Amino acid sequence: MSDQPDTPSRCPFTLDRRRFLQGLGAAGAGVAAGGLGRPARAADDHAVTGAPVSTTTAQAYPFHGRHQQGILTPRPAAGMVVACDVLARNRTGLERLLRTLTERIAFLTEGGTYPERDPAYPPADSGILGPTIAPDGLTVTVSLGASLFDARFGLADARPRHLQRMTGFPNDALEPARCHGDLSLQICANTHDTTLHALRDLIKNTPGLLMVRWKQEGTVPVVPPRDHGPTPSARNYLGFRDGTANPDTDDATLMDSLIWTGGDPEEPAWTRGGSYQVVRIIRNYVERWDRTPLAEQEAVFGRHKASGAPLDGAQEHDTPDYAADPEGRITPLDAHIRLANPRTPGFEKHRILRRPFNYSNGVEANGQFDMGLLFIVYQADLQAGFITVQNRLNGEPLEEYIQPVGGGYFFTLPGVVDTTDYLGRALLEATAT
Amino acid sequence: MSSRSLLIAAAAFGLMALQAPARADVEPEALVEPVADYKLYVLDNLDAFVGHARDFTRAIEAGDLERARSLYAPTRVYYERIEPVAELFADLDASIDAREDDYEKGVDDPDFTGFHRLEYGLFKRQTTDGLAPYAKRLMSDVQDLESRVQGLTFPPARVVGGAAALMEEVAATKVSGEEDRYSHTDLWDFQGNVDGSQKIFALFRPLIAEEDPAFVRRVEDNFAAVEATLAHYRLAADDPEAGFVSYEKVSDKDRRALVGPVTVLAEDLSTLRGKLGL
């Protein structure tokens, strides 16, 4: 810094930073739309503590529909999965829980103003987003675990055909405190604070009905908007693009066969329009990964790290041609993407919809980071989907760098069609005595 | 003048100084009697607390490990019942009831004293060796507490708020079993907190029973649910003095069964001050 108070600072960082901010200003709304931060602005007394500005707070996804939001909905920057035990003591309590969740989620995802209360009482809301909340792209997706279909609520005969308690795969080291649950809430929004606000609202409004069992928060790195071409898939904490091979969510027929339950006559009728949700907390050993040669990293995944293209392609969305590489000279036979989806005739029915977030929790006793992937996938058939794919992956070279430590299997309830409907209504009606 | 009417007079004076919110449906004068009765309840419990603490600390000083261990939980109960008042004296609360987590150096911290320091010696190290100074300090703290409470004007908002505060205690530290981690006598403390909360609710219940019968019924049902679960774990069904089994023996299912009513009680009782215009 200059010693002369009357000469302008020559600190190169200051100049660079100013130019950088001007660049942001030129990029205009696009940057703000990405929720990256505040655009450049004139001198402001409150510039330091003023809230960061976003232009996407009004973004809202309609709550009512055949399917719940949060599955085909574009994945926003922040997400979490919260697994709960249901404390309701009977079916009446369970129905009250599902109706309350429906009512709260409808309000939270649309936004609005909380009622004012006599200040002698606790306020109706945590207030962390102010008295009026914006939807901010919020979705809340409610799913049920196999344990809810025990003797407590008379649901045993209506259990979705493939719903089961998750069992460990060979590379898993499952921690009981981070596994399973009667009910899962997947909460996603443009910002982390919006997801936390929704969670606190839901828990405050369901006392005696829900007890949180575990919670895993995650994020997705944002990218600037593009003028043309598909938006690239987001990267995981190993630096690779994730979700490239997802089935086309604009293809309604494909979604009906791969994602939404309803095609299988063996499934209980109430499950129509729902989906199987798999959640896995997958620790990544990032320090070790960062000390692994790039060529090996790419061979482990089967993709180029920078572009995300398959090893025999140039663009992320190029389709690998394994038939032309039967011995795995270009893409090793045990590369992650080749095992997960061999692109062979008949394998289409095993495809799953990946919708993961990255997580970072803290530090282990050895000084290494506890970070990794909050893996979330949806499919119409749990057995044909995740379980089949994961069994193909057992023993893959990637296992050296990852370890699943938690998660669970859940069944995502069909959507709430209108204001007379509520989450789980079809299930409760199908099991009424 | 009886001690009770003296207390009522003192409490009435305390209330006059209070800026009562105009919106209250309950006349501030109506609070005088229950607040005075609550002070009597606290003083009775303090009296018993001093007596039990004397036996407990003497057993330690006499090196009678078995007796000291058996008196640990029955002594604490009295403190747990009156915690909303005892906590008004932060210095004593720290020296009587702090846990090792409150200190960066944990059990080795020289400031770590009181019940849980003694619990560590009696149940983890299994000896009374070196505990006499802590016992002496505890006894003098307990006596100090008694004399300070006697001279205290009970703030009504604090008294009424105590019903919820005690359930917050249960929800935060009792259900998890972290309060009495060496002795596993958590259920005694649990019962003490519930007793104290229930007493406050019972004292103020007449002021809201007519206006909000559904609220009163829900609170009573949830207290009953907690009591029923606690009853499973009593050593002798008809003798409350016999106490409870180790918290390690409480099933996960029952721990969860306690969380439900405890959370609803914490939520409901958090509105008690508002209902009474405090």
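1. Let me start inside chain A, where strand 4 is covered on both faces: Thr139(A), Thr141(A), Ser143(A) and Gly145(A) are buried on one side, and Val140(A), Val142(A) and Leu144(A) are buried on the other. Put as a count, seven of the seven residues of this strand are buried. Buried here means 20 or more other C-beta atoms within 10 Å of a residue's own, exposed means 12 or fewer, and partly exposed lies in between, with C-beta atoms placed from the backbone. Strands (E, at least two residues) and helices (H or I, at least four) are DSSP runs, numbered from the N terminus.

2. A word on what you are looking at: this is a predicted model, in which local features need pLDDT of at least 70 and side-chain atom pairs count only at pLDDT 80 or more, while totals for chains, interfaces and linings use all residues. Residues are numbered from 1 along each chain as its sequence is written, and chains are lettered from A and ligands numbered from 1 in the order in which they are written.

3. Which strands pair with strand 4 of chain A? Strand 5 (residues 183-189) pairs with strand 4 in the antiparallel sense over six bridges, and strand 11 does so, also antiparallel, over three bridges. Pairing requires that DSSP finds at least two bridges between the strands. Leu144(A) is a handy residue to click on, since its bridge partner in strand 5 is Leu183(A) and its bridge partner in strand 11 is Phe411(A).

4. Strand 11 (residues 402-412) of chain A deserves its own look, with nine of its 11 residues buried. Strand 7 (residues 275-284) pairs with strand 11 in the antiparallel sense over 10 bridges; in one of these pairings, Val278(A) has Tyr409(A) as its partner.

5. For chain A as a whole, there are 10 helices and 11 strands. Of its 433 residues, 39% are buried. Among contacts between residues at least 6 apart in sequence, 73% join residues at least 24 apart; a contact needs the two C-beta atoms, placed from the backbone, to lie within 7 Å.

6. Is Gly229(A) buried or exposed? Gly229(A) is exposed, because 9 other C-beta atoms lie within 10 Å. This glycine sits in the loop between strand 6 (210-219) and helix 5 (252-258) of chain A. Its C-alpha atom is separated by 18 Å from that of Pro310(A), which is 81 residues away along the chain.

7. Chain B is built from 12 helices and zero strands. Its 278 residues would give a compact globule a radius of gyration near 19 Å, and chain B agrees, with 19 Å. That radius is taken over C-alpha atoms, and the globule rule is 2.2 Å times the number of residues to the power 0.38. The C-alpha atoms fill a box of roughly 60 × 45 × 40 Å along the principal axes. Buried residues account for 42% of the chain, and 72% of the contacts with a separation of 6 or more are between residues 24 or more positions apart.

8. Within chain B, helix 5 (residues 90-97) has Ser95(B), Ile96(B) and Asp97(B) buried. Viewed down the helix axis, the buried residues fall within an arc of 165°, so they line one face of the helix; the arc is that of the directions from the axis to the C-beta atoms. Turned away from that buried side are the exposed residues Ala90(B) and Asp91(B). Among the elements covering the buried residues are helix 3 (65-81), helix 6 (115-125) and helix 7 (132-150) of chain B.

9. Where the chains meet, nine residues of chain A are in contact with 15 residues of chain B. The chain A side comprises six nonpolar, one polar and two charged residues, counting Ala, Val, Leu, Ile, Met, Phe, Trp, Tyr, Cys and Pro as nonpolar, Asp, Glu, Lys and Arg as charged, and the others, Gly among them, as polar. The model scores ipTM 0.85 and pTM 0.88.

10. One request for care concerns confidence in chain B. Its average pLDDT, the predictor's confidence in each residue from 0 to 100, is 91, with 91% of the residues scoring at least 70. Over residues 13-24 of chain B, however, the pLDDT is below 50, and this stretch has 15 contacts in the model beyond near neighbours in sequence. Where pLDDT is low, predicted coordinates should not be read in detail.
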